[in-house]
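This note sets out, in numbered points, what a reader new to the structure may wish to examine. It begins with enclosed space, proceeds to the open pocket and ends with a pair of helices.

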Amino acid sequence: MVIRKFTQLDYPTVKEIYQQGIDTGNATFQLTSKTWDEWNKSMHSHSRLVAEDNGNVCGWAALSPVSNRDVYSGIAEVSVYVSKSAQGKGIGNKLLAQLIVESEKNNIWTLQAAIFPENLGSIKLHLKNNFRRLGIREKLGKMHGTWRDVVLLERRSKNIGI
């Protein structure tokens with residue numbers, strides 16, 4: 001298994017993996033996968049990774065800006081998705097660890113994540129990678145008519161923005 005830079009040719013598989021996460025009901029408020037243009041515009045152009053096993057993309061990670069204001073240029077939101085067939089093999093951990101390295105190469109000093117409380121695997125993954133739990137935003141948004149909370153986590157770089 002290798003972690004490598006994402007290319008646009010990877011997007012069809014990335015989109016499938018993203019939809020698998022959406023279908024769990026515990027990965028994102030998004031209800032359907034974004035088109036290439038929507039996804040591309042929503043993510044930083046840097047820090048886009050895929051995990052590849054035997055030539056097949058089985059996971060992806062990327063950063064999205066939290067704001068277009070210059071003062072927040074060093075803060076990004078983390079997305080990490082692993083295909084159902086590849087979960088439980090440490091791929092998410094490898095993706096997130098490399099995403100942290102890439103973020104610092106690109107002057108990102110704070111990474112944040114907003115995770116549904118039911119997504120215990122994702123919370124555990126982020127805590128393992130030195131994110132800290134900030135709290136819970138209650139009833140942040142409705143999904144299928146039900147209010148959902150999110151757990152806020154962040155990781156502050158020890159190398160950038162100090």
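1. One cavity of 30 Å³ or more is counted in this structure, which is a predicted model. The space in this largest cavity comes to about 40 Å³.

2. The residues that line the largest cavity are Ile100, Ser103, Glu104, Ile108, Trp109, Thr110, Leu111, Arg155 and Ser157. Sorted by class, this lining consists of four nonpolar, three polar and two charged residues.

3. Which element gives the largest share of the lining of the largest cavity? Helix 3 does, with three residues. Helix 3 and strand 5 are the elements that each supply at least two residues of that lining.

4. Turning to open space, the largest pocket has a volume of about 1,200 Å³. Its lining comprises 48 residues. Nearest the centre of the largest pocket lie Ala27, Val80, Tyr81, Asn119 and Ser122.

5. Several helices and strands each contribute at least two residues to the lining of the largest pocket. The helices are helix 1 (11-24), helix 2 (36-42), helix 3 (91-105) and helix 4 (120-128). The strands are strand 4 (75-82), strand 5 (110-115), strand 6 (132-143) and strand 7 (146-156). Helix 3 and strand 5 thus appear in the lining of the largest pocket as well as in that of the largest cavity.

6. As to the character of the pocket, 22 residues of the lining are nonpolar, 19 are polar and seven are charged.

7. How do helix 3 and helix 4, which both help to line the largest pocket, stand to each other, and at what angle do they pack? The angle is about 45°, and their axes lie 10 Å apart. The two helices are therefore oblique to each other. In passing helix 4, helix 3 makes a right-handed crossing.

8. On the side of helix 3, the contact is made by Gly92, Asn93 and Leu96; on the side of helix 4, by Leu125, His126 and Lys128. By class, this contact has two nonpolar, three polar and one charged residues.

Definitions and conventions:
Residues are numbered from 1 along each chain as its sequence is written. This is a predicted model: local features need pLDDT of at least 70, side-chain atom pairs count only at pLDDT 80 or more; totals for chains, interfaces and linings use all residues. Side-chain values use heavy atoms; hydrogens and water are left out. On a 1 Å grid over the protein atoms alone, a cavity is a set of points where a 1.4 Å probe fits but cannot get out, and a pocket is an open set with protein on both sides within 12 Å along at least five of seven lines; lining residues have an atom within 4 Å of a point. Grid points are joined across faces, edges and corners, and a volume is the space filled by probe spheres set on the points. Helices (H or I, at least four residues) and strands (E, at least two) are DSSP runs, numbered from the N terminus. Ala, Val, Leu, Ile, Met, Phe, Trp, Tyr, Cys and Pro count as nonpolar, Asp, Glu, Lys and Arg as charged, and the others, Gly among them, as polar. Axes are lines fitted to C-alpha atoms, for helices over the stretch in contact, and angles run from 0 to 180 degrees between N-to-C directions. Angles under 35 degrees count as roughly parallel, over 145 as roughly antiparallel, 65 to 115 as roughly perpendicular and the rest as oblique. A crossing is left-handed if the near helix is turned anticlockwise from the far one by less than a right angle, and right-handed if clockwise. Contact means heavy atoms within 4.5 Å.
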